[in-house]
Amino acid sequence: MVEAVRTTCAYCGVGCGIRATVTGARSVEIAGDPDHPANRGRLCSKGTHLGETVGLEGRLLAPMIGNKRASWDKALDLVAKRFKETIARHGPGSVAFYVSGQLLTEDYYVANKLMKGFIGTANIDTNSRLCMSSAVAGHMRAFGEDVVPATYDDLDAADLFVLVGSNTAWCHPIVYQRIRARCEAGAKLVVIDPRRTETAEEADLHLPIRPGSDVVLMNGLLHHCREAGVVDEDYLAAHVAVPAGFWDQLGEGNDLWSVARICDVPAADLRHFYELFAANPRTVTLFSQGINQSTAGTDQVNAITNLHLATGRIGKPGAAPFSITGQPNAMGGREVGGLASTLAAHIDFAPENRARVQRFWAAPTIAEKPGLKAVDLFRAIGEGRIKAVWVMATNPAVSMPDANRVREALAACPFVVVSDVIEKTDTGAFAHVRLPAAAWGEKDGTVTNSDRTISRQRALFLLPGEAKPDWWIVKEVARRMGWKTAFTYDRPADIWREHCRLSTYDNDGARLFALSGAAQGGNAAYDAMAPFRWGGDHPFADGRFSTEDGRARLVPVAQKALPEPLAKWPLTLNTGRYRDQWHTMTRTGLAPKLARHREEPLVEIHPDDGARLGLADGGLARVSTPQGESLYRVAFHSGQRPGELFVPIHWTDRTANGGRTGLLPRPLVDPVSGQPGFKRTPASIAAV
Ligand code: SF4
């Protein structure tokens with residue numbers, strides 16, 4: 001009998017454990033892993049159908065220079081030569097990597113080390129910038145460290161769930177199942193979302209707030225908590241720094257009636273929410289892209305952390321703010337520092353940190369300062385400041401805001417490398433060199449999910465064609481650029497051990513990483529690694545935070561003025577996911593059963609708006625924004641707020657004659673985190 005392999009789902013940040021039983025050269029039976037703490041045997045539709053996506057259809061199976069097949073030696077030599085030449089002529093800041101939350105931690109580590117320690121710039125950013133970088137920035141401001149202070153076990157202990165900007169039933173289905181189970185035992189569920197989503201349908205209370213009014217909603221709630229005596233003054237006095245004037249500022253314009261008017265919700269519903277929150281100390285506030293993907297995302301995160309800190313609802317069972325991540329390894333990328341805004345392993349660019357990391361890596365140089373974040377990085381390519389870019393495991397020509405400008409930038413860039421598992425991607429069309437990467441089921445390494453559980457992804461199949469793991473590809477380029485001794489890894493376990501050593505290296509006792517047995521053990525220990533959670537079950541349980549004085553921070557945040565609709569663009573466009581698709585559908589598009597849920601991209605609109613604008617339910621319409629336009633099938637939906645549209649993010653030029661949502665959002669970002677604001681784009685719609 002073939003033994004099942006314990007691995008982890010390829011998709012979202014819930015990070016479900018899988019038992020995969022290989023049944024043929026490229027076939028596998030998928031079941032939930034009953035022993036994995038994230039999912040306890042359950043899987044959603046996407047995970048269940050993973051077995052339908054492991055065929056070789058559409059795979060990139062050999063290195064390509066232009067449209068010609070090349071040997072690995074020739075392709076790697078060319079990549080190393082062009083990067084070296086560009087750096088020699090224009091300096092390290094003229095090159096960049098754009099990587100992905102789909103990479104494994106080991107892949108991320110090697111790419112980050114090459115760019116920051118050897119090339120000597122921090123121009124490595126990731127598509128996680130589009131996903132949760134505002135949560136990172138908010139955690140840093142509030143806690144002094146990027147730590148998610150919650151675990152899935154808190155879902156089993158909470159009495160109240162507040163879901164903000166998250167269609168959890170569709171986007172984090174297994175988390176939602178755990179929430180529902182607790183609700184069936186009596187917990188309450190409040191959903192804050194402009195749309196009446198499938199999650200909102202099942203809530204005890206749904207607040208369909210005006211998009212972008214989250215800060216005033218949360219500030220009003222904190223003001224109410226203070227008036228109601230729910231603020232934990234003892235906790236604040238012992239553990240939290242409160243800036244002068246914080247409470248005075250909070251008292252201005254945050255009364256119930258003002259908040260109800262700005263948020264455009266009934267005052268009675270708002271009062272109900274405030275009373276529920278005040279009455280339930282064991283509250284978990286989960287937030288996702290509706291909070292993060294905003295030009296005020298970091299402030300919105302801190303409006304939530306302020307609430308939990310001020311009421312002492314943190315570091316205790318069933319009480320925490322909880323950022324739920326989109327990608328399978330967004331958290332692993334954060335841990336190795338694979339963002340332009342961190343140096344390595346949660347370490348910033350302070351001089352002593354730079355010296356420490358340089359010493360550890362025995363690196364010839366070290367990045368001096370944060371690099372270009374995603375939107376700025378592609379803008380720099382378009383302006384000719386970045387002259388060589390390597391895109392790994394992501395498709396920015398579709399997924400970045402203002403995707404047409406990204407395409408123009410890539411088309412004009414002197415040297416573009418794309419490593420991917422898929423032969424024809426929208427981004428690969430601009431590549432001078434394409435490198436075939438190992439896919440899920442072929443590669444081996446670790447991922448970190450939303451609640452900091454680190455799990456192994458394990459290979460099920462032999463590498464097909466000439467595909468190679470991402471860490472190997474980066475290592476080979478680094479060696480060809482002249483850094484042989486620093487990039488000698490033979491297997492992912494070598495990289496994992498180095499990552500764990502760096503995470504605990506000479507760091508004055510700072511708690512960065514709880515070493516697994518595999519960190520100290522040999523390859524066998526790595527191979528046998530069971531899921532484990534780093535950082536403990538309740539970070540900050542002792543009331544000590546990672547700031548210099550050990551205190552968390554209340555961060556004053558004010559609601560920004562919300563713009564009135566423009567005459568030319570009278571609607572507001574919101575974007576999001578469908579239940580059964582993932583990103584740009586390069587994998588889920590291979591599973592026919594998943595397409596049945598939503599076969600084509602819809603633009604959802606309130607029926608009154610649809611009738612007023614002469615649209616037909618089921619007809620075609622063109623959605624336009626200042627950035628671009630795209631076609632969609634019209635779906636009337638009474639759960640849409642009047643004046644707003646909703647479209648999915650998944651379709652591309654290759655998958656449909658329309659639904660190109662990436663063309664529509666503006667490239668505007670949160671000023672602290674650099675995360676693009678995908679959720680509120682001025683728009684218009686017309687029947688075609
Ligand atoms: Fe995979 Fe996420 Fe579904 Fe779990 S919830 S099976 S991790 S897609």
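## Close-up views of a predicted model

**View 1. Pro492 sits inside a helix.** Pro492 belongs to helix H22, which spans residues 492-503. As you explore this close-up, keep in mind that the model is predicted. Is Pro492 buried or exposed? Pro492 is buried, because 28 other C-beta atoms lie within 10 Å, and a residue counts as buried from 20 such atoms upward. Setting aside the neighbours within four places in sequence, the contacts of Pro492 are Glu106, Asp444, Gly445 and Trp471. Look for Leu104 too: 388 residues separate Leu104 from Pro492 along the chain, yet their C-alpha atoms are 9.6 Å apart.

**View 2. A shell of residues surrounds the ligand.** Here you can find 14 residues around the ligand, and the closest are Cys9, Cys12, Cys16, Cys44 and Gly47. What kinds of residues make up this shell? Nine are nonpolar, four are polar and one is charged. Helix H1 (45-48) and helix H7 (173-184) each provide at least two of the shell residues. The ligand lies between domain 1 (5-53) and domain 3 (133-324 + 549-553), because both domains give residues to the shell.

**View 3. An annotated stretch lies at the start of the chain.** An unreviewed UniProt entry annotates residues 2-58 as "domain: 4Fe-4S Mo/W bis-MGD-type". Within residues 2-58, 7% of the chain is helix and 32% is strand. If you follow this stretch from one end to the other, the C-alpha atoms at its two ends turn out to be 28 Å apart.

**View 4. Domain 3 meets domain 4.** The domain assignment divides the chain into domain 1 (5-53), domain 2 (64-129 + 333-448 + 457-487), domain 3 (133-324 + 549-553) and domain 4 (571-687). Taken over C-alpha atoms, the centres of domain 3 and domain 4 are 27 Å apart. Where they touch, 22 residues of domain 3 are in contact with 23 residues of domain 4. On the domain 3 side, the elements giving two or more residues are helix H4 (133-143), helix H6 (168-171), helix H14 (289-292) and helix H15 (297-310). Which of them gives the most? That is H4, with four residues. The domain 3 side of this contact has eight nonpolar, twelve polar and two charged residues.

**View 5. Seven strands line up in an open sheet.** Trace the strands in the order E5-E4-E16-E15-E14-E6-E7, and you will see a sheet with mixed pairing. Strand E5 (68-69) and strand E7 (124-126) stand at the edges; each has a single partner strand, so one side of each has no neighbour in the sheet. At one of these edges, strand E4 (residues 64-65) pairs with E5 in the antiparallel sense over two bridges. Ile65 is found opposite Lys68 of E5.

**View 6. Strand E22 has two pairings to compare.** Strands in a sheet pair through backbone hydrogen bonds, in either a parallel or an antiparallel way. Strand E22 (residues 602-605) pairs with strand E24 (residues 629-636) in the parallel sense, over four bridges. Val603 stands opposite Val634 in E24. E22 is also joined to strand E25 (residues 644-648) by two bridges, and those two strands run antiparallel. In that pairing, Glu604 has Phe646 of E25 as its bridge partner.

**View 7. Helix H18 is mostly covered.** How many of the nine residues of helix H18 (residues 374-382) are buried? Seven are, namely Ala374, Val375, Asp376, Leu377, Phe378, Ala380 and Ile381. What do they pack against? Their partners are strand E6 (95-99), E7, strand E14 (388-392), helix H19 (396-399) and helix H20 (403-412). Just after H18 comes Gly384, with a positive phi of about 85 degrees.

**View 8. Two loop residues have a positive phi.** Arg452 is not a glycine, yet its phi is positive, at about 70 degrees. You will find Arg452 in the loop between strand E17 (445-448) and strand E18 (453-457). Arg452 counts as buried because 23 other C-beta atoms lie within 10 Å. His583, also not a glycine, has a positive phi of about 45 degrees. The loop that holds His583 runs between strand E21 (571-576) and helix H25 (592-595). With 24 other C-beta atoms within 10 Å, His583 is buried as well.

Note on methods: Residues numbered from 1 in each chain as written. Predicted model: local features only at pLDDT ≥ 70, side-chain atom pairs only at ≥ 80, totals over all residues. Near = placed C-beta within 6 Å. Nonpolar A, V, L, I, M, F, W, Y, C, P; charged D, E, K, R; others polar. Domains from an automatic or database assignment. UniProt positions renumbered as here; feature names shortened; annotations may be inferred. Contact = placed C-beta atoms within 7 Å. Pairing = 2+ DSSP bridges. Buried ≥ 20, exposed ≤ 12 C-beta atoms within 10 Å, placed from the backbone.
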